[in-house]
Amino acid sequence: MTDQRSFDDRDGVIWFDGKLVPWREAEVHVLTHALHYASSVFEGQKAYAGEIFKLTEHSTRLRKSARLLDFEIPYSVDEIDAACREVLRANGLEDAYMRPLAWRGSEQMGVSAQNAKIHLAIACWPWGAYFGEEAIRKGLRLDISSWRRPAPYTAPTESKAAGLYMICTLARHQAQAKGFNDALMFDWRGQIAEATGANAFFVKDGRLHTPTPDCFLDGITRRTVIDLARRRGVEVVERAIWPEELEGFEQFFLTGSAAEVTPVASAGPWSFEIGDLSMQLRKDYLDLVHRRLSNS
Ligand code: PMP
């Protein structure tokens, strides 16, 4: 059962600037720079049976995301790793979703923020299938979003920055209002980019095709699945993919730390089968995160 309570009203502790604080006391002021100007970056990672999958890659990306927004997190990768393990343990959780978040504080108001203090918090909570169990069986139904991923010269697209999710929320709301699970987004050139919080893979003639991540996140799960596919001798092609090609793809799945590997049944007018390769890679991914499969 998922906890229906608001996210500010739960039991447990949150790691906040070096201390474990009671969940309901992990608060910030309304004049926080991040709240006004989106100066925040975050991570999403999962713990499986007590171990956080690819933790150091996530902590490294968090620091990189912050640098891309011109701020430095005052904790090293090792310290962030340790804090993540500490808060997981302190909450008595073995299987959980974890959300590290770094942001600019309230010392300075206005666009400029050189004097704002940098904060780091890490929360974790139990979280099942991101799209629900039914989506895994039946496949996701995706809308085609009218929002396009911005060009890398218009936004720090390699950063997992909160501000980049503004159009993702709009796209997902639009999709859900029409009865879809999520939306497939194109980029500013019109090429296929990704979903609102997960990367896209297509299967055709036994090969995997995935868009080159040159204006969206090169997901840690994406890279893991590419590796798993190659281990099986499956050819993986990273390239520009145009919407016209959706017609010819046999299978389609999404990848992400929360989404794991989730099959897609349709995107706009195009349908896909929930095929063997998608489900095999889903199984391989789950075997890997549960340590039933070795890391190399
Ligand atoms: N794209 C977006 C927009 C995301 O939010 C996520 C989830 N972090 C991903 C891709 C997948 O990234 P990862 O596999 O590293 O979780």
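**View 1. Classes of residue in the ligand shell.** In this predicted model, the shell around the ligand has four nonpolar, eight polar and four charged residues. Glycine is counted with the polar class here.

**View 2. The nearest residues of the shell.** The ligand has 16 residues around it. Those that come nearest are Lys-160, Tyr-165, Glu-194, Thr-221 and Ser-257. Three of these names return in the next view, each with a distance to the ligand.

**View 3. Side-chain polar contacts to ligand oxygen.** Tyr-165 places a side-chain N or O atom 2.4 Å from an oxygen atom of the ligand. For Thr-221, a polar side-chain atom lies 2.6 Å from a ligand oxygen. Ser-257 also takes part: an N or O atom of its side chain is 2.7 Å from an oxygen atom of the ligand. The distances 2.4 Å, 2.6 Å and 2.7 Å fall within the 3.5 Å cut-off for a polar contact.

**View 4. Ligand burial and the elements around it.** Taken alone, the ligand exposes 380 Å². The protein buries 94% of that area. Two elements give two or more residues to the shell: helix H6 (220-231) and strand S14 (251-256). Thr-221, with its polar side-chain atom 2.6 Å from a ligand oxygen, falls in the 220-231 range of helix H6.

**View 5. Two domains in the protein chain.** The domain assignment gives domain 1 (13-125) and domain 2 (133-289). Their C-alpha centres lie 26 Å apart. Domain 1 brings 19 residues to the contact, and domain 2 brings 20.

**View 6. The buried area between the domains.** Domain 1 and domain 2 bury about 1600 Å² between them. Carbon and sulfur atoms give 61% of this area. On the domain 1 side, Phe-42, Phe-53 and Arg-61 supply 34% of the area buried against domain 2. No other three residues supply more.

Terms used: Residues are numbered from 1 along each chain as its sequence is written. This is a predicted model: local features need pLDDT of at least 70, side-chain atom pairs count only at pLDDT 80 or more; totals for chains, interfaces and linings use all residues. Side-chain values use heavy atoms; hydrogens and water are left out. A residue is near a molecule or strand if one of its heavy atoms lies within 4 Å of it. A polar contact is a pair of N or O atoms within 3.5 Å; within protein, one must be able to donate a hydrogen and the other to accept it, and residues adjacent in sequence count only if both atoms are side-chain atoms. Accessible areas come from the Shrake-Rupley method with a 1.4 Å probe; for residues, only the protein chains shown count as cover. Helices (H or I, at least four residues) and strands (E, at least two) are DSSP runs, numbered from the N terminus. Domain bounds come from an automatic or database domain assignment. Contact means heavy atoms within 4.5 Å. Buried area is the accessible area (1.4 Å probe) that two parts lose on being put together, summed over both.
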